[in-house]
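User: Please go through this structure with me and justify each label you use against its definition.

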Amino acid sequence: MKLFAGFGRRHFIIATAFVVVIQLTHSTYVLVGKDEFEALPIVCWTAMYFALFLIGLACAVAAENRLGPSAKSVALAVVVSAIVTTLAIEALFGLLPASVAQALEGRKRMEFLSAAHRIAFRMTVATSWSLLLVVFYHLLQTSRRAAEQLHAARVAALSAERKVLEGDLRAMQGRVDPQLLFDTLLAVERAYLQDVQTGQEALDALIRFLRAALPGDPAASTTLAGEQELAEAYLDLVGRLAEPARLEISVAPEARAAAMPAMLLLPLVRWALDDRSATQLQISARRRADALEVSVRSDSRAGAPAGEAHIAGVRERLARLFAGHATLDVSVSAGARHARLSIPA
């Protein structure tokens, strides 16, 4: 029922905790000699306390679902819980044989003047523990809601920060290297002087790179397929300015649609080319259960490390985007460069 929506395992745990506290208190009285140990009443009252506390918590849940978290719902839950549990105790003791009821009440059985006196006494006791139980539950609910709101606010803040950062990365990606653009325009001019078809192909390569580099829909997230297109357009463009590197791409189909922030793959490609000294470049990617793994490898012949600014930039972006949940491992030797990137899927 919607009235008791949310009632579940947590409420059984709370009821159990209250039963344990009450029985520990009673055990303390037994140890100091203020009360006598009687096994049957203890076992029976443990079961009854547990049932009564569940009724009280059910009343608290129903009142909160009906009236919302407020002082009115707390007051209503206390009153209804006291009435229902008092009636339940009266009904139970009325159905039990007199000898059993007397055994449950113990040797210190109270003598009541009348049935009204007995009901009023039990109503007072029920109101006392109902007030304690319902208020405690209300405080737990308030703390839980505050924690959930704080968590939601933090998630929203992180999401907003990530969107701003991704927007900055897309804008950064759109800033074409002036030197590369100048060299390409000169190459296009020389190609047109040699042959119209060659010049048109060079111009098409420049247009393809600019389209891939310029940011598109700000609301859309970048994917590995888009970053792969940018890297291929870049390699096609620089291949017309110098000896082109032989490109080998191995991207699993399921990885192409995976989200990948801008300005992660292209800097690794530029680092692997090492100022265009490489003649072979391999790009591979695959998607695991919880991560996207990208590998960029080249046969760069440079003896000393170069292009470290690209690696430092990628590491900084990974730290800001994934807060330590992404890794970048690079290795440089006399005849090879290898970068391995892993980001959360």
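Analyst: Helix α8 is mostly covered, with eleven of its 15 residues buried. This is a predicted model, in which local features need pLDDT of at least 70, side-chain atom pairs count only at pLDDT 80 or more, and totals for chains, interfaces and linings use all residues. Residues are numbered from 1 along each chain as its sequence is written, and side-chain values use heavy atoms, with hydrogens and water left out.

User: What makes a residue of α8 count as buried, and which residues are they?

Analyst: Buried means under 20% relative accessible area, exposed means over 50%, and partly exposed lies in between, with a 1.4 Å probe and protein chains only. In α8, the residues L224, A225, E227, Q228, L230, A231, A233, Y234, L235, L237 and V238 are buried. Helices here are DSSP runs of H or I with at least four residues, strands are runs of E with at least two, and both are numbered from the N terminus.

User: How do you know what span to expect for α8?

Analyst: The expected span is 1.5 Å times one less than the number of residues. For the 15 residues of α8 (residues 224-238) that is 21 Å, and the helix reaches 21 Å from its first C-alpha to its last.

User: How does helix α3 fare on span, and which of its residues are buried?

Analyst: The 25 residues of α3 (residues 71-95) should span 36 Å at 1.5 Å a residue, and the end C-alpha atoms are 36 Å apart, so the two agree. The buried residues of α3 are S73, V74, A77, V78, S81, A82, T85, T86, I89, E90 and F93.

User: Why is a space in this model called a cavity, and how many are there?

Analyst: A cavity is a set of points, on a 1 Å grid over the protein atoms alone, where a 1.4 Å probe fits but cannot get out; lining residues have an atom within 4 Å of a point. The whole structure holds one cavity of 30 Å³ or more. The largest cavity contains about 50 Å³ of space, where grid points are joined across faces, edges and corners and the volume is that filled by probe spheres set on the points.

User: What lines the largest cavity?

Analyst: Its lining consists of A60, E64, S73, V74, A77, V134, Y137 and H138. Two or more lining residues come from each of α2 (39-67), α3 and α5 (115-173).

User: What makes the strands a sheet, and why are β1 and β4 called edges?

Analyst: Two strands pair if DSSP finds at least two bridges between them. Five strands form an open sheet in the order β1-β2-β3-β5-β4, with mixed pairing. β1 (246-251) and β4 (327-333) each have a single partner strand, so one side of each lacks a neighbour in the sheet.

User: How do you know that the pairing is mixed?

Analyst: β1 and β2 (residues 280-287) are parallel over six bridges, with E248 bridged to Q282 and I249 to I283. β2 and β3 run antiparallel, joined by seven bridges; A285 is partnered with V294 and R287 with L292. β3 and β5 (residues 336-344) are also antiparallel, with eight bridges, and V294 has L341 as its partner in β5. Parallel and antiparallel pairs both occur, hence the mixed label.

Terms used: On a 1 Å grid over the protein atoms alone, a cavity is a set of points where a 1.4 Å probe fits but cannot get out, and a pocket is an open set with protein on both sides within 12 Å along at least five of seven lines; lining residues have an atom within 4 Å of a point.
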